[in-house]
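Student: Could you take me through one part of this model up close? I'd like to look at the sheet and whatever sits around it.

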Amino acid sequence: MVDKQLILDSVGPVQAVLDAHDGIVNVVDTTDGIIMISLEGGCTGCGSTPMTAMQIYYSLKKLDEVVDVVFVNGELPEYMRSFIDQKMEDESSDSSTGEIV
């Protein structure tokens, strides 16, 4: 189980934006490294929520303890998730070859 505080701390710079707009990251579950979260408060109905979710997804997927990140209210569209997964795969292969991107 991944520590919930680690998850909240890893949201990083996005947290300042959330605080300014009364947005809340609710960590629902962290069993087996599968992080289940929802964006609540000011995030509900906000047009920027998918971008916020994408930034959170990217930050959390960098943690070794995290296997997957699931937004329980569907805040992260599949095409954005796929984009981040591809970006991380590209970053991983670039770093293994020593290439600077």
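Tutor: Let's start with the sheet and then move outward to the helices, loops and cysteines. Keep in mind that this is a predicted model, where local features need pLDDT of at least 70, side-chain atom pairs count only at pLDDT 80 or more, and totals for chains, interfaces and linings use all residues. Residues are numbered from 1 along each chain as its sequence is written, and side-chain values use heavy atoms, with hydrogens and water left out.

The sheet is an open one of 3 strands in the order 1-2-3, with mixed pairing. Helices (H or I, at least four residues) and strands (E, at least two) are DSSP runs, numbered from the N terminus, and two strands pair if DSSP finds at least two bridges between them. Strand 1 (23-29) and strand 3 are at the edges with a single partner strand each, so one side of each has no neighbour in the sheet. From one strand to the next, the twist averages 30°.

Now zoom in on strand 3 (residues 68-71), where the side chains alternate. Val-69 and Phe-71 point to one face and are buried, while Asp-68 and Val-70 point to the other and are not. Buried here means under 20% relative accessible area, exposed means over 50%, and partly exposed is in between (1.4 Å probe, protein chains only). Strand 3 runs parallel to strand 2 (residues 34-41), and 4 bridges join the two. Met-36 has Val-70 of strand 3 as its bridge partner, and Ile-37 stands opposite Phe-71.

How does the chain get from strand 2 to strand 3? It goes through helix 3 (residues 49-61), in a right-handed β-α-β crossover. Right-handed means that, with the strands pointing away from the viewer, the path from the first strand over the helix to the second runs clockwise. Helix 3 lies across strand 1, strand 2 and strand 3, and runs at about 160° to strand 3. For that angle, axes are lines fitted to C-alpha atoms, for helices over the stretch in contact, and angles run from 0 to 180 degrees between N-to-C directions.

Over in helix 1 (residues 4-10) you'll find Ser-10, which is buried at a relative accessible area of 16%. Leaving aside neighbours within four places in sequence, Ser-10 is in contact (heavy atoms within 4.5 Å) with Ser-59, Leu-60 and Leu-63.

Two loop residues deserve a look too. Most residues other than glycine have a negative phi. Asp-22, in the loop between helix 2 (13-20) and strand 1, has a positive phi of about 60° and is exposed, with a relative accessible area of 60%. Asp-32 is in the loop between strand 1 and strand 2; its phi is also positive, near 60°, and Asp-32 is exposed at 62% relative accessibility.

Last, the cysteines: the structure holds 0 disulfides, a disulfide being a pair of cysteine sulfur atoms within 2.5 Å. For Cys-43, the nearest cysteine sulfur is that of Cys-46, 6.7 Å away. Cys-43 is buried, with a relative accessible area of 7%, whereas Cys-46 is partly exposed at 36%.
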